[in-house]
Amino acid sequence: MIFAIDSIFLFPWATVFADPAYGATTLVEMFVFLGFLAVGLLYAYKKGVLAWT
């Protein structure tokens, strides 16, 4: 579920990234967003939230 919602936020960035005027800014913003997601996923993993059993 988390990754399905993330793809909704990444799709508009993919369409703006095609524009050369906003390409570098969009790329940096995308990596910052993905970094926040990675930190949150790492935190959840360390807390044991992602365990199935």
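I began with the contacts of L50: leaving out residues up to four places away in sequence, L50 touches L41, A44 and Y45. I keep in mind that this is a predicted model.

Next I looked up where L50 sits. L50 belongs to the segment after helix 2, and that helix covers 23–47. I then asked whether L50 is buried, exposed or partly exposed. Its relative accessibility is 40%, so I entered L50 as partly exposed. The cut-offs behind this entry are under 20% for buried and over 50% for exposed.

I turned to L41, one of the residues that L50 touches. L41 is placed in helix 2. L41 has 36% relative accessibility and therefore also goes down as partly exposed.

Which residues make the nonpolar surface patch of about 510 Å²? I listed L41, L42, Y45, V49 and L50. L41 and Y45 are thus on two of my lists, as contacts of L50 and as members of the patch. A44 is on the contact list of L50.

I moved to T15 and found it in helix 1, which spans residues 2–17. T15 counts as partly exposed because its relative accessibility is 46%. I also looked up a C-alpha separation: T15 and T26 are 11 residues apart along the chain, and their C-alpha atoms are separated by 9.9 Å.

Last, I took down the totals for the chain. How many helices and strands does the chain have? I noted 2 helices and 0 strands. The chain has 53 residues, and buried residues make up 9% of them. The accessible surface of the chain comes to about 4,700 Å². Carbon and sulfur atoms account for 78% of that surface.

Key: Residues are numbered from 1 along each chain as its sequence is written. This is a predicted model: local features need pLDDT of at least 70, side-chain atom pairs count only at pLDDT 80 or more; totals for chains, interfaces and linings use all residues. Side-chain values use heavy atoms; hydrogens and water are left out. Helices (H or I, at least four residues) and strands (E, at least two) are DSSP runs, numbered from the N terminus. Buried means under 20% relative accessible area, exposed over 50%, partly exposed in between (1.4 Å probe, protein chains only). Contact means heavy atoms within 4.5 Å. Patches are made of residues with over 30% relative accessible area and no salt bridge: like charges are joined within 9 Å, nonpolar side chains (Val, Leu, Ile, Met, Phe, Trp, Tyr) within 5 Å. Accessible areas come from the Shrake-Rupley method with a 1.4 Å probe; for residues, only the protein chains shown count as cover. A salt bridge is a side-chain nitrogen of Lys or Arg within 4 Å of a carboxyl oxygen of Asp or Glu.
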